[in-house]
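Hi,

Here is the structure I promised to pass on. Have a look at it first, and my notes on what turned up follow below.

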Number of protein chains: 2
Amino acid sequence: MARRTPTIQDVAREAEVSSATVSRVLTAPERVAEATRERVLAAVRATGYTVNQAARSLRLRSARTILLAAPNIANPFYSIILDAAIFAAAERGYSVMVTSRIGTDPNRWLQDYLLSTRADGLLLLDGSLDTSRLHNLGAGGIELPLVAAYDEWPDPAIASVLTDNREAAMRAVRHLIAIGHTEIAHVVGPSQHRDQENERLVGYRAAMAEARLPVREEWLFQGNYEVASGSAAAEHFLTLADRPTAIFAANDEMALGLMYRLRRAGISCPTDISVVGFDDTAMAAYYDPPLTTMRQPREEIGRAAITELIDQIEGTRPPGKPVHIVLRSELVVRESTAPPPKRR
Amino acid sequence: MARRTPTIQDVAREAEVSSATVSRVLTAPERVAEATRERVLAAVRATGYTVNQAARSLRLRSARTILLAAPNIANPFYSIILDAAIFAAAERGYSVMVTSRIGTDPNRWLQDYLLSTRADGLLLLDGSLDTSRLHNLGAGGIELPLVAAYDEWPDPAIASVLTDNREAAMRAVRHLIAIGHTEIAHVVGPSQHRDQENERLVGYRAAMAEARLPVREEWLFQGNYEVASGSAAAEHFLTLADRPTAIFAANDEMALGLMYRLRRAGISCPTDISVVGFDDTAMAAYYDPPLTTMRQPREEIGRAAITELIDQIEGTRPPGKPVHIVLRSELVVRESTAPPPKRR
DNA sequence: TTGTAGGCGTTATCAA
DNA sequence: TTGATAACGCCTACAA
């Protein structure tokens, strides 16, 4: 006998009250007399009732769901943020929907999601989306709770949670300078916006400039955050006639790929060359040598972004005054950095 | 002027048709005359209408959403499956909701999700959940599309997509045996069910038995799939008076943690010891030495599981005949394995 | 404290 | 081919 799933009416009948009372028990128990409440609760158990979220969403005009949009959720950097976000959202009764590698018309895609009572807000990890249009969407009379959390410096008009990428990159490079390096190369991360340099590259340049150290364009190796691109950077490095004594990579994967290739070429780290990474991924501490890197508080990014987003959704945060939360990274010195070899 | 979001009625008014016609244009355009259709489409654009998913879900009793439940989505193993799942689901017009590290009462949690018209089906990556109860849920008259995709051998009553873990582990160990090893240790992965050994451990035992090689209990190091536990296994290994010449680790992270610690202790791989991992994670090829491992078709797991699940949801697949898809892993021989050192 | 009743925005049935 | 209308299941004024 295939019964249909019980509704609030079934519970009401069972408890011999009206459906309004059942609804109250479920959403504002204190507004119902103790005895009635218990009777209703018993009826809920007896019938195996669960609220129909679609009906509730329709009525409440809210899905209690957040959409998280990431460029590639397979990347640990994003999945760790996602994990924390799911947790933080659940604590406040929200579910998380995930979108990865959005299609050819990202804005349309997101509009569909956000305007369709499927999600109440957007946590944007993808810096390549055009937030100005997304923002317009909100300006068109429709509230669009939105928090951006990614590396690039975001549109000041939208709330954001980010780490101090530029500043952190500076600290990483300063560390190399402090132990005596003057010729420092950089494996550049991809830039999300055409017209703007990657923040970590900007920080690298700033630290070099600060110490009045020259930056040679041939010391800049373009990468894409994948291990293989670090390895490719090493290939370029090996062709250099005049090799730097240290390399700062824009993330750990590239740093590790680089070290791998250099070791194969007989260049030993940190004796011949120092390497600094960025992120402090799980493997960084278990490489040989263990990698010096900037630790990113990724869990905290996820948590803070969700908190902020739900505050927006629930109206705790007044609109029009976007919050910008900047989290601090931390330099973790391990064994991949050492003073440069003595010259000749 | 804060307009409310346009409804199908607004579009109908604009196009001077009934809301029923608008609905038809949106869901079954061929049932509407060409001219009318175009008028409606124009009105949709003019009003900026997007369908209200909550209302649609309520009416259709379907959310076109899949719930993916993983033990820990921060782990690349799961996030890669998730990424593929999102993609495959999107192709069929479904969204993916994610749950990670489910709370203290997982069954209740999942029930809430699944029975509440929030999700139409469940993709279960968490082998520690009690599927029998989940299954009962379905038997209680309510259809519960469910596909399990994890390492442990699942309840035959539910559909599943898995890799040939046991067989793959056997092939990994056979590789070691083939190149001359006879004393082979194993870093054991966690078992999801109390009463059942991890599948890779079972495969390890089978391969050893097949070759009439003894398995000593002190060669079994318990791990938890994290790098640190591989490192801990190495500590144990170092205390052994009589050391095996090869180690098979139940995943790459543990294999790498192990190699890291062994190298620190002056044991060189593969000269002194051979190591085989499992999964072929991104770093495996870039470790020193590059790791021999079993490649798992994770994207394919995600894709196949979603396909199967949506077939169930949409009734393509007759219920009561659970499908069991077994995907084949592939041995990738790199440099961490070599014949054992000559005895004395 | 509890009940009545209307409507949230869709889609599907039935008629025209 | 199109339109009127009745649910889908819930919440919340408003009344009692």
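Before the notes, one convention on residue classes: Ala, Val, Leu, Ile, Met, Phe, Trp, Tyr, Cys and Pro go down as nonpolar, Asp, Glu, Lys and Arg as charged, and everything else, Gly included, as polar. Please also keep in mind that this is a predicted model.

DNA strand D first. On that basis, the surface near DNA strand D comes out at 12 nonpolar, 9 polar and 5 charged residues. There are 26 residues around this strand, and those that come nearest are A:Thr7, A:Ile8, A:Ala20, A:Asn52 and B:Thr36. Both protein chains take part: α2 (19-27) and α4 (53-60) of chain A, and α2 (19-27) and α4 (53-60) of chain B, each put in at least two residues. The biggest giver is α2(A), with 6 residues.

Now DNA strand C. Here 25 residues lie around the strand, with A:Ala20, A:Thr36, B:Ile8, B:Asn52 and B:Ala55 nearest. Again α2 and α4 of chain A and α2 and α4 of chain B each supply at least two residues of the surface. Its make-up by class is 12 nonpolar, 9 polar and 4 charged residues.

On to how the two protein chains meet. Contact involves 48 residues of chain B and 48 residues of chain A. On the chain B side, at least two residues each come from α4, α5 (76-91), β2 (95-100), α6 (106-114), α10 (227-239) and α11 (252-264). Of these, α5(B) has the largest share, 7 residues. Sorted by class, that side of chain B holds 25 nonpolar, 16 polar and 7 charged residues.

There is strand pairing between the chains as well. Strand β2 (residues 95-100) of chain A runs antiparallel to β2(B), and 3 bridges join them. If you want a spot to zoom in on, A:Met97 sits opposite B:Met97.

Last, a helix pair within chain A. The axes of α10 (residues 227-239) and α11 (residues 252-264) of chain A come within 6 Å and cross at roughly 45°. That angle is why α10(A) counts as oblique to α11(A). The crossing of α10(A) and α11(A) is right-handed. Residues of α10(A) that meet α11(A) include A:Val227, A:Ala228, A:Ala233 and A:Glu235, and among their counterparts in α11(A) are A:Met254, A:Leu258, A:Tyr260 and A:Arg261. By class, this helix contact has 10 nonpolar, 4 polar and 3 charged residues.

Cheers

How values were computed: Residues are numbered from 1 along each chain as its sequence is written. Chains are lettered from A and ligands numbered from 1 in the order in which they are written. This is a predicted model: local features need pLDDT of at least 70, side-chain atom pairs count only at pLDDT 80 or more; totals for chains, interfaces and linings use all residues. A residue is near a molecule or strand if its C-beta atom, placed from the backbone, lies within 6 Å of it. Helices (H or I, at least four residues) and strands (E, at least two) are DSSP runs, numbered from the N terminus. Axes are lines fitted to C-alpha atoms, for helices over the stretch in contact, and angles run from 0 to 180 degrees between N-to-C directions. Angles under 35 degrees count as roughly parallel, over 145 as roughly antiparallel, 65 to 115 as roughly perpendicular and the rest as oblique. A crossing is left-handed if the near helix is turned anticlockwise from the far one by less than a right angle, and right-handed if clockwise. Two residues are in contact if their C-beta atoms, placed from the backbone, lie within 7 Å. Two strands pair if DSSP finds at least two bridges between them.
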